[in-house]
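Visitor: I should like to take a close look at a single part of this structure, namely the strands that pair with one another and the turns that join them. Please describe that part step by step, and then place it beside other details of the chain.

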Amino acid sequence: CPHCDSEVNPENQKLTGIYERIELPIVKPIVTRVERYGGKCECCQQKYEASVPVGLEAGSPFGNSVASMVSYLRYSHGISYKRLSQLMGEVYGLKISEGGIANLLKEVKKKLEAPVEKIMEYIRSARLLGSDETSARVEGVNHWEWVFQNEQVCLHVIRPSRGQKVIEEVMAGHSPEIWVSDLYSSQKANPAQDWQVCLAHQLRDCQYAMDAGDDLFAPRMKRLFLNVIALHRRRERLAASTIEQYLSRFRSTLKTLLKLTPTHPEGLNLLKRYQKIAPNLLLFLEDETIPPTNNASEQALRWSVIFRKITNGFRSEWGADLFAMIRSLVNTARRQGISAFKAISLALTTPNSDWLFS
């Protein structure tokens with residue numbers, strides 16, 4: 001007892017509190033030194049040199065763990081070469097110059113070719129794809145970062161064009177059943193059998209028309225879009241008969257709205273647009289696997305937009321290609337429940353890419 005020093009019966013004690021204190025260990029690089037010996041055989045007079053252990057071949061002194069960390073910090077947190085060099089020296093006790101970082105990342109790019117090619121194969125056999133694009137700067141020239149994705153995979157490519165030929169290059173003749181995108185001309189010319197227009201974009205356009213003064217057509221279309229999106233979100237909780245009633249009502253409402261005669265220019269523009277693409281507005285109501293919006297594509301490009309603002313673009317073609325490859329790997333891994341750092345580490349240490357699609 002802390003009061004009278006008497007011995008306390010353990011059976012009379014009980015746990016009164018518990019807490020933890022967490023510390024990080026001091027991180028130091030692990031250096032493995034390889035010494036090779038050779039000479040001349042006294043028997044056959046041939047020169048020889050000892051073989052190198054597997055995994056310790058000559059080349060960059062930095063191993064996969066260093067490459068993984070540098071790639072992760074650079075392309076998932078947007079840390080510049082200068083700050084990355086400083087961080088590695090101060091936190092990890094590892095001296096690596098900006099030029100050393102660039103050379104290391106070039107080696108990373110080579111190792112990522114296999115898993116990204118696997119992602120490309122999945123894209124070229126996908127039943128449903130969503131696609132979007134955003135601007136990028138490469139060596140001071142305008143480029144476009146494209147994304148092609150679904151619930152299983154995500155592919156990023158950076159090209160100097162925003163035209164249809166990029167889609168043709170990526171698809172390589174493959175024709176998905178469903179394409180989800182906005183109304184940009186190259187996206188409208190997609191090779192899919194059916195096309196679902198992104199309703200999130202249409203909601204914004206309807207709101208713009210309403211703000212401009214249209215009080216006849218745009219408000220009603222916006223209400224319809226909101227109702228059908230709400231139905232899609234709670235579809236699993238509704239009976240099949242109830243869903244069919246809703247679908248019949250929404251299709252009838254769309255036909256009625258497309259017969260209106262708005263007088264405001266913005267409302268009239270929307271009417272003409274929706275009359276042309278009426279079959280592509282509510283396609284997702286026929287198949288619950290089709291999303292009503294292309295938000296997943298926009299979310300996949302969100303970090304790319306932030307990275308562009310942080311760095312103001314890429315200084316080289318290989319840097320842009322590496323960024324697209326890492327974003328493809330990370331966003332695909334995220335769909336499989338794998339973190340960005342783990343995905344990069346596995347890609348650099350695992351010979352095959354089966355882990356990415358398990």
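Guide: In this predicted model, strand 3 and strand 4 run antiparallel and are joined by nine bridges. Strand 3 covers residues 128-138 and strand 4 covers residues 141-149. One position along this pairing may be followed by eye: Gly130 has Gln149 of strand 4 standing opposite. The two strands form a hairpin with two residues between them. Glu139 lies in this loop. The backbone of Glu139 has a positive phi of about 55°, although Glu139 is not a glycine.

Strand 4 has a further partner. Strand 5, residues 154-159, runs antiparallel to strand 4, and six bridges join the two. Here Phe148 may serve as a landmark, for its bridge partner in strand 5 is Leu155. Strand 4 and strand 5 also make a hairpin, with four residues between them.

From the strands one may turn to a side chain, that of Arg162. Its charged end sits over the ring of Trp144, 4.4 Å from the ring centre. The charged end of Arg162 also sits over the ring of Tyr184, at 3.8 Å from the centre of that ring.

A positive phi is found elsewhere too. Asn312 is not a glycine, yet it has a positive phi of about 65°. This residue is placed in the loop between helix 10 and helix 11, the latter covering 317-335. Asn312 counts as exposed because its relative accessibility is 64%, and the cut-off for that word is over 50%.

Finally, the aromatic rings deserve attention. The structure holds 13 aromatic pairs. One of them is formed by Tyr75 and Phe307, with 6.0 Å from centre to centre and 35° between the planes, an arrangement described as tilted. This pair links distant parts of the chain: Tyr75 belongs to helix 1 (residues 64-77) and Phe307 to helix 10 (residues 295-311), 232 residues apart. Tyr75 is buried, because its relative accessible area is 2% and buried means under 20%. Phe307 is likewise buried, with a relative accessible area of 1%. Both residues belong to one aromatic cluster, which is formed by Tyr75, Trp303, Phe307, Phe314 and Phe323.

Terms used: Residues are numbered from 1 along each chain as its sequence is written. This is a predicted model: local features need pLDDT of at least 70, side-chain atom pairs count only at pLDDT 80 or more; totals for chains, interfaces and linings use all residues. Side-chain values use heavy atoms; hydrogens and water are left out. Rings of Phe, Tyr and Trp (its six-membered ring) pair if their centres lie within 6.5 Å; planes under 30 degrees apart count as stacked, over 60 as edge-to-face and the rest as tilted. Buried means under 20% relative accessible area, exposed over 50%, partly exposed in between (1.4 Å probe, protein chains only). A charge sits over a ring if NZ of Lys or CZ of Arg is within 6 Å of the ring centre and within 35 degrees of the ring normal. Two strands pair if DSSP finds at least two bridges between them.
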